[in-house]
Amino acid sequence: MQEEESGGEQSEQQEGGSGDGSGGGDGSGGGETAANGEEVYQNNCASCHGQDLSGGAGPALDTVGGKYSKDEIKQIIADGFPDAGMPPGLVQGEDAEAVAQWLSEQQ
Ligand code: HEC
């Protein structure tokens, strides 16, 4: 008879635990789940294209969003310009996605 009592309690507890399941974190502590495009740019691209997108070893990118779409920028990042000095595949995956998105907004 004691067993029946404790069984009832357990099934009540399970009801309360439903989250919305939309967290989607990648396990890194704190901060945003998606990569930050501007940060990716500063870490990987600014050395050639300038911290304020004004150019340097590479061309200015301050109006690049008017010239290329996000997908085209992603392609440029993947291919690079090996002959002109921009290595291919500098950033990949989520980071490439984020920086392409951010640059496509610069116009
Ligand atoms: C080692 C230097 C270097 C780095 C680092 C670099 N680039 Fe470049 N990038 C260049 C050069 C040089 C060109 C010009 C290529 C040409 O015109 O043939 C260029 C061209 C580009 C272009 C085309 C611009 C235009 O107006 O046609 C885009 C877009 C671009 N880079 C994005 C990026 C992004 C995004 C990153 C970081 C993930 C990055 N670059 C990192 C050197 C660099």
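**Exercise 1. How do the residues of the shell around the ligand divide into nonpolar, polar and charged?**

Solution. Keep in mind that you are working with a predicted model.

Step 1: collect the shell. The ligand is surrounded by 22 residues, and the closest are C45, C48, G58, A84 and M86.

Step 2: sort them by class. Of these shell residues, 16 are nonpolar, five are polar and one is charged.

Step 3: see which helices take part. At least two shell residues come from each of α3 (46–49), α4 (64–67), α5 (70–79) and α6 (93–104).

**Exercise 2. Find where UniProt places the feature "binding site", and check how the positions lie in space.**

Solution. Step 1: go to the record. The unreviewed UniProt entry gives this feature at C45, C48, H49 and M86.

Step 2: compare sequence with space. These positions spread over 42 residues of sequence, yet they cluster in space, with 10.2 Å as the largest C-alpha distance.

Step 3: place one of them. C45 sits in the loop between α2 (37–44) and α3.

**Exercise 3. Describe how α5 and α6 pack.**

Solution. Step 1: take the geometry. The axes of α5 and α6 are 8 Å apart, and the angle is about 130 degrees.

Step 2: classify the angle. The two helices, α5 and α6, are therefore oblique to each other.

Step 3: add the handedness. α5 and α6 make a right-handed crossing.

Step 4: list the contact. From α5 come K70, I73, K74 and I77, and from α6 come A96, E97, A100, Q101, L103 and S104. This contact of α5 with α6 holds five nonpolar, two polar and three charged residues.

**Exercise 4. Now your turn with α2 and α6: at what angle do they pack?**

Solution. Step 1: read off the geometry. α2 and α6 pack at about 100 degrees, their axes being 7 Å apart.

Step 2: classify again. An angle of 65 to 115 degrees counts as roughly perpendicular, so α2 and α6 are roughly perpendicular to each other.

Step 3: name the partners. In α2, G37, E38, V40 and Y41 meet D95, A98, V99, Q101 and W102 in α6. The residues of this α2 contact with α6 comprise five nonpolar, two polar and two charged.

How values were computed
Residues numbered from 1 in each chain as written. Predicted model: local features only at pLDDT ≥ 70, side-chain atom pairs only at ≥ 80, totals over all residues. Near = placed C-beta within 6 Å. Helix = DSSP H or I, 4+ residues; strand = E, 2+ residues; numbered from the N terminus. Nonpolar A, V, L, I, M, F, W, Y, C, P; charged D, E, K, R; others polar. Axes fitted to C-alpha atoms, helices over the stretch in contact; angles between N-to-C directions. Parallel < 35°, antiparallel > 145°, perpendicular 65-115°, else oblique. Left-handed = near helix turned anticlockwise from the far one by under 90°. Contact = placed C-beta atoms within 7 Å. UniProt positions renumbered as here; feature names shortened; annotations may be inferred.
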